[in-house]
Structure formats: C-alpha cells, structure tokens
Amino acid sequence: QVQLQESGPGLVKPSQTLSLTCTVSGGSITKNFYYWGWIRQPPGKGLEWVGAISFSGSTNYNPSLKSRTAISWDTHKNQFTLQLSSVTPEDSAVYYCAREWGQFGGHLDYWGQGTQVTVSA
C-alpha cells in the first residue's frame, strides 16, 4: 500500500519561499510509469494542479505557476519537494501530494492527507 505524507511549515511570510516535502512509503518514486505531483486547494475554491516530477526525474508545471515553482526529489529518501517562491496570500491553501499514473496530470490514485499553508505577515 502506497502512502504519502506532506511535511513543512504551516505559515510562510509574503515574498518568501514555501517549501514542502512529501515522503513516500510502500513504493519507489523511480518506478515506471508513475508521476509524483502537488495539488492545492485554496479556501472556497477547487483543486489546482501545481506540478509534478516523473519516475525519470523530469518535471512539468502549471503554466500559471511555472515561473515560481520548482519540484525536486531525493531518491535515497524516497521524497520529493515543492518550492514555490515569492508567495502571496493567494498562495494560501491546503497542499496535497499525490501519485499520478501514466502522464503528467494523469489519474491520481494515492493522496497524502494534505497540509494547510497560510501566507501571512
């Protein structure tokens, strides 16, 4: 059974960089053909795909966030990390990590429980 767990600070100041880590257990993040993504849900709004990293280490990002987003991985720890720079209060959301299958933004079959991130001074 694959399990994902988000970790990181719950409060970030405006203009700073949000950094979250997802630790994966029960399966390797380098296994074909899985992708490991970040999805967020601002209060009162729908889910928004932020970006993902593939089983081979390639990345893809939501075009609206691309200039501020970086996703990386540590295969030894079986973790992947989201960094979102120059945050504003509009980046406040519940952030989820999830496994995607087959392609970037593909079917999401396993999710973390989510972590609330608030951007505030």
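This passage describes the strands, the disulfide and the aromatic contacts of a predicted model.

Residues are numbered from 1 along each chain as its sequence is written, and side-chain values use heavy atoms, with hydrogens and water left out. As the model is predicted, local features were required to have pLDDT of at least 70 and side-chain atom pairs were counted only at pLDDT 80 or more, whereas totals for chains, interfaces and linings use all residues.

Strands (DSSP runs of E, at least two residues, numbered from the N terminus) were treated as paired where DSSP finds at least two bridges between them. An open sheet of four strands follows the order β1-β3-β8-β7, with antiparallel pairing. Its edges are formed by β1 (3–7) and β7 (69–74), each of which pairs on one side only. On average, neighbouring strands of this sheet are turned by 20° against each other, direction ignored; axes are lines fitted to C-alpha atoms, and angles run from 0 to 180 degrees between N-to-C directions. The antiparallel strands β7 and β8 are joined by six bridges, and Asp-74 has Gln-79 in β8 as its bridge partner.

Strand β11 (residues 115–119) shows alternating side chains. Thr-115, Val-117 and Val-119 point to one face and are buried, while Gln-116 and Thr-118 point to the other and are not; buried denotes under 20% relative accessible area, exposed over 50%, and partly exposed the range in between (1.4 Å probe, protein chains only). Strand β11 pairs in the parallel sense with β2 (residues 11–12) over two bridges, and Val-119 in β11 stands opposite Val-12. Strands β9 and β11 run antiparallel and are joined by three bridges. Here Thr-115 in β11 stands opposite Tyr-95.

One disulfide (a pair of cysteine sulfur atoms within 2.5 Å) is present in the structure. This bond is formed by Cys-22 and Cys-97, whose sulfur atoms are 2.1 Å apart. Distant parts of the chain are thereby linked, with Cys-22 in strand β3 (residues 18–25) and Cys-97 in strand β9, 75 residues apart. The torsion about the S-S bond of Cys-22 and Cys-97 is about 65°, so the disulfide is right-handed. Cys-22 and Cys-97 are both buried.

Six aromatic pairs were identified. Rings of Phe, Tyr and Trp (its six-membered ring) were paired if their centres lie within 6.5 Å; planes under 30 degrees apart count as stacked, over 60 as edge-to-face and the rest as tilted. Tyr-35 and Phe-104 form an edge-to-face pair, at 4.8 Å centre to centre and 70° between the planes. Because Tyr-35 lies in strand β4 (residues 34–41) and Phe-104 in the loop between β9 (93–101) and β10 (107–111), this pair ties together parts that are 69 residues apart in sequence. Tyr-35 counts as buried, at 11% relative accessibility, and Phe-104 as partly exposed, at 25%. A tilted pair is formed by Trp-36 and Phe-80, with 6.1 Å centre to centre and 50° between the planes. Since Trp-36 lies in strand β4 and Phe-80 in strand β8 (residues 79–84), the pair ties together parts that are 44 residues apart in sequence. Both Trp-36 and Phe-80 are buried.

Tyr-35 and Phe-104 also belong to one aromatic cluster with Phe-33 and Phe-55. In addition, the charged end of Arg-99 sits over the ring of Tyr-34, 3.7 Å from its centre; this assignment requires NZ of Lys or CZ of Arg within 6 Å of the ring centre and within 35 degrees of the ring normal.
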